Amino acid sequence: MTIALTRGVPESVGQCELTHVERSPIDLDAARSQHAAYEAALAKAGVAVRRLPTLDDLPDSVFVEDVAVVLSDVAVLTRPGAESRRPEVEAIEPVLAEYRPLERIVAPARLDGGDVLVLGKRVLVGIGTRTDPGGATQLGAILKRYGYRVEAVRSGPALHLKTALTLAGPGLLLANRRWSGDFDPGDHDVIDVDENEPFGANALRVGPRVIYPSAFPATAQRLSAAGVDLITVDASELARAEGGVTCCCLLV
Ligand code: CIR
């Protein structure tokens, strides 16, 4: 059974890293109850949720996606682009070692899991604010041994590639092409976000279902019309920390 690893919202979340979003107060109770509802949505989608201990001193530690790239046969520990986030990697290492052989990205390369979009054996890596070409090259060399092909995408003005481009179904991408940079969709169809919902391209596919923020109803309508089975969640509080729905879990 697939397990979703999550981590509780830390007390220090108000001091999180921010790049494209203005700092605004985060209501810790609201963030925690929305995060619990997100975990309930994961369970509804059919995965077992394992919540890891909250790390109150690491403001971005709820965003577990960025510290590893988990594939069916290997997990790669990342070296996050933001220095403040590097201690999060040590914390996840023993947990992931329970499930997969481990590989790692080493200095000076930088790579955030949020920049890595796995499309079968094709892996797109966004080069931008957090991930550098060295990170993409290292990941490519590691994953080649497991039969994957890494392609670097020069990201547009988004924090991560997956802020602007995610998989919404078999053969179906969801994109904000103004922010995603120039990617090759291959044989995937692409649904564009509604132009008034630029942050609407971050969707989390869990088995046959998709967890999606309630803040983007026009894009949600496009997804539903294309047959995507949505579970909507209110993810507004952690959006103030520049987090979306993919970044709060690692599926193993
Ligand atoms: C950061 O800037 O690193 C966090 N405040 C937000 C990380 C969001 N992660 C993701 O989208 N994969």
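Helices (H or I, at least four residues) and strands (E, at least two) are DSSP runs, numbered from the N terminus. The model is predicted: local features need pLDDT of at least 70, side-chain atom pairs count only at pLDDT 80 or more, and totals for chains, interfaces and linings use all residues. Residue numbers run from 1 along each chain as its sequence is written, and side-chain values use heavy atoms, with hydrogens and water left out.

Start with Glu-242. Its place is the loop between helix 6 (236-239) and strand 15 (250-251). Phi of Glu-242 is near 70 degrees, a positive value in a residue other than glycine. Most residues other than glycine have a negative phi, and most peptide bonds are trans. Glu-242 has a relative accessible area of 15%, so it is buried. Buried means under 20% relative accessible area, exposed over 50%, and partly exposed in between (1.4 Å probe, protein chains only).

The other backbone feature is a cis peptide bond. This bond joins Ala-107 and Pro-108, with omega about 5 degrees. Pro-108 sits in the loop between strand 5 (102-104) and strand 6 (116-119).

Strand 5 also holds Glu-103. Glu-103 is buried because its relative accessible area is 17%. Its C-alpha atom is separated by 4.6 Å from that of Val-76, with the two residues 27 apart along the chain.

Now the ligand. The ligand is surrounded by 13 residues, where a residue counts as near if one of its heavy atoms lies within 4 Å. The closest are Glu-17, Asp-60, Glu-65, Arg-130 and Ala-241. By class, the shell has four nonpolar, two polar and seven charged residues. Here Ala, Val, Leu, Ile, Met, Phe, Trp, Tyr, Cys and Pro count as nonpolar, Asp, Glu, Lys and Arg as charged, and the others, Gly among them, as polar.

Three polar contacts (pairs of N or O atoms within 3.5 Å) can be followed by eye. A polar backbone atom of Glu-17 is 2.8 Å from a nitrogen atom of the ligand. Asp-66 places a polar side-chain atom 2.8 Å from a ligand nitrogen. Arg-130 has a polar side-chain atom 2.7 Å from a ligand oxygen. Taken alone, the ligand exposes 340 Å², and the protein buries 98% of that. These areas come from the Shrake-Rupley method with a 1.4 Å probe.

Where does the ligand sit? The space taken by the ligand is the second largest pocket. A pocket is an open set of points on a 1 Å grid over the protein atoms alone, where a 1.4 Å probe fits, with protein on both sides within 12 Å along at least five of seven lines. A molecule sits in one if more than half of its atoms lie within 2 Å of its grid points.

Three further residues complete the tour. Leu-204 belongs to strand 12 (residues 204-206). Leu-204 is buried because its relative accessible area is 7%. Leu-204 and Thr-246 are 42 residues apart in sequence, yet 5.0 Å apart in space, C-alpha to C-alpha.

Ala-136 lies in helix 3 (residues 133-144). At 7% relative accessibility, Ala-136 is therefore buried. The C-alpha atoms of Ala-136 and Asp-115 are separated by 9.5 Å, with their positions 21 residues apart along the chain.

Is Gln-15 buried or exposed? Gln-15 counts as exposed because its relative accessibility is 59%. Gln-15 lies in the loop between strand 1 (3-7) and helix 1 (28-44). Gln-15 and Asp-29 are 14 residues apart along the chain, and their C-alpha atoms are separated by 16 Å.

Note on methods. Polar contact = N/O pair within 3.5 Å; in protein donor to acceptor, adjacent residues only side chain to side chain. 1 Å grid on protein atoms, 1.4 Å probe; cavity = no way out; pocket = protein on both sides within 12 Å on 5 of 7 lines; lining within 4 Å.
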